[in-house]
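Colleague: I'm new to this one and would like a close look at a single part, the surroundings of the ligand. Could you walk me through that, and then through the strands that lead away from there?

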Amino acid sequence: MNDRYDVVVIGAGPAGLACALTLLDLGVRDVLVAEKYIFPRDKCCAGYITQKTVKVYRELGLDPADCGYTYIKDFRLFYGLSPRQYIDNRFLLTSREINRVALDDAFFRLAASRGIEIAENMPLTAHDPDSKTVTLGAGENRTAVRYGSLVFADGTNGFGSRYQKAKRRNLAMQLHFPSDRPDGIEIHFGITERGYCWVSTSGGITNVGITDEYRKSTDYRALFRKFLRDIGEDPDLSGLYSAFTPIGVRRPVLPGNIYFAGDAMGACDPFTLSGLRNGLECGRKAAESVAKNDPSILRRFAGKLRFKFFFMRLLMKVFYLKPAKLFVFNVGCRCLRGVVRFFFDRFLNKK
Ligand SMILES: Cc1cc2nc3c(=O)[nH]c(=O)nc-3n(C[C@H](O)[C@H](O)[C@H](O)COP(=O)(O)OP(=O)(O)OC[C@H]3O[C@@H](n4cnc5c(N)ncnc54)[C@H](O)[C@@H]3O)c2cc1C
């Protein structure tokens, strides 16, 4: 590791690596990616990606199909525990292993194979914006590195979040376990107040998760355990992960050539929790901004996301009102089943 780089990227998740790969394509080679963990690292995620996400990964040189991503056809929407709608899923891909570890690891290997310097097990522990220096690692491993530009791609609650004012967050919890459930995806509304639960099974492995707009007063662990029991599962909870996803787009650029990408910038859809595609695109825009020394590129992207997420928040506000949910699931999914199916086919399956 050198003591100075043109660009230091914090975090080797999808946003950080998309940024580093794009910098390389734009001719910026003096780049260091500093990552807290050693790959393959665990990742709390439902593991769903859309065709649009697949397209962005392919543009960056990775085919999610090579990491076992495929369609699980049987997709059911539930209100509480009652199934309300069956959909022949052709819009949401998920990994055969039902987790994202392989996808992130393959992206990591791709970046490393293209010559990107990635320092694993090197968390950012201190930052001095005045001297443009970051300290990576702890104890004897501590190294000070100077940078020309710094990109925080270290997730919702990473070091970069101390420069942001964002308060609201979604909490998500997730657990993998072996099971004999049939292959399929279940999305349950009406269990949490402003979120949903998922149950995905493929090849004998089940991934169960819950999300909600985070409230301190709620005992999410108890809620999670109850949901598991309600669906007839009682697995060991020692592997239970929880993580936050951002609500709302944060400041994309700070003075002193400091940029934010992915969840660190709030590039995660607050309604669906879909953050991979936005994170990858955000990483690319951050790279363009850095390479062209033009912060407005990332600011414009953040503006577009703010606009899109404003509508998602509005939709969320209406959708999570009890009468609206009851209407959608009792009238919509019961009496207008064909209309709901048409909506999925027209706007999701054929996209
Ligand atoms: C439970 C859950 C389910 C989700 N399901 C989906 C889904 O199905 N589909 C979807 O598209 N999105 C989903 N998301 C959102 C998605 O996971 C994120 O939006 C996406 O991972 C954002 O990528 P990122 O690179 O910004 O951050 P991350 O993937 O979080 O990567 C950040 C990286 O930074 C590293 N890091 C953190 N701190 C430091 C530090 N101090 N120094 C160095 N490195 C550091 C971390 O180790 C990590 O590798 C889900 C999120 C959660 C929590």
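Modeller: Here is a tour that starts at the ligand and works outwards. Keep in mind that this is a predicted model.

Let's set the scene with the whole chain. It has eight helices and 18 strands, and 42% of its 351 residues count as buried. Along the principal axes, the C-alpha atoms fill a box of roughly 65 × 40 × 40 Å. A compact globule with 351 residues would have a radius of gyration near 20 Å, so the 21 Å of this chain agrees with that.

Now to the ligand. There are 38 residues around it, and the ones that come nearest are Gly-11, Gly-13, Ala-172, Gly-262 and Gly-275. By type, the shell divides into 21 nonpolar residues, 13 polar ones and four charged ones. Both domain 1 (4–69 + 97–167 + 246–316) and domain 2 (169–245 + 319–349) put in at least three residues each.

Which elements supply at least two residues of that shell? They are helix H1 (14–25), strand E3 (48–50), strand E12 (169–178), strand E16 (241–246) and helix H5 (276–291). H1 gives the largest share, three residues.

Let's follow E3 away from the ligand. E3 belongs to an open sheet of three strands, in the order E3-E7-E4 and with antiparallel pairing. E3 and strand E4 (69–71) are the edge strands, each with a single partner, so one side of each has no neighbour in the sheet. From one strand to the next, the twist averages 45°. E3 runs antiparallel to strand E7 (residues 92–95), and three bridges join the two. If you want a spot to click on, Tyr-48 has Thr-94 in E7 as its bridge partner.

Just before E3 there's a detail worth finding. Phe-39 and Pro-40 are joined by a cis peptide bond, with omega about -5°. Pro-40 sits in the loop between strand E2 (31–34) and E3.

Next, another set of strands. Strand E5 (residues 74–79) pairs with two others. With strand E6 (residues 82–88) the pairing is antiparallel, over six bridges, and there Arg-76 stands opposite Tyr-86 in E6. The hairpin of E5 and E6 has two residues between the strands, and Gly-80 takes a positive phi near 65° in it. With strand E13 (residues 184–189), E5 pairs in the parallel sense over five bridges. Here Tyr-79 stands opposite Phe-189 in E13.

One more hairpin to finish. Strand E9 (residues 124–128) and strand E10 (residues 133–136) are antiparallel partners over four bridges, and His-127 stands opposite Val-134 in E10. This hairpin has four residues between its strands. Lys-132 is found in the loop between E9 and E10, and has a positive phi of about 50° although it is not a glycine. Is Lys-132 buried or exposed? Partly exposed, because 18 other C-beta atoms lie within 10 Å, and a buried residue would need 20 or more.

On the other side of E9, in the loop between strand E8 (117–119) and E9, you'll find Asn-121. Asn-121 also has a positive phi, about 60°, without being a glycine. With 14 C-beta neighbours inside 10 Å, Asn-121 counts as partly exposed too.

Key: Residues are numbered from 1 along each chain as its sequence is written. This is a predicted model: local features need pLDDT of at least 70, side-chain atom pairs count only at pLDDT 80 or more; totals for chains, interfaces and linings use all residues. A residue is near a molecule or strand if its C-beta atom, placed from the backbone, lies within 6 Å of it. Ala, Val, Leu, Ile, Met, Phe, Trp, Tyr, Cys and Pro count as nonpolar, Asp, Glu, Lys and Arg as charged, and the others, Gly among them, as polar. Domain bounds come from an automatic or database domain assignment. Two strands pair if DSSP finds at least two bridges between them. Axes are lines fitted to C-alpha atoms, for helices over the stretch in contact, and angles run from 0 to 180 degrees between N-to-C directions. The radius of gyration is taken over C-alpha atoms; the globule rule is 2.2 Å times the number of residues to the power 0.38. A residue is buried if 20 or more other C-beta atoms lie within 10 Å of its own, exposed if 12 or fewer, and partly exposed in between; C-beta atoms are placed from the backbone.
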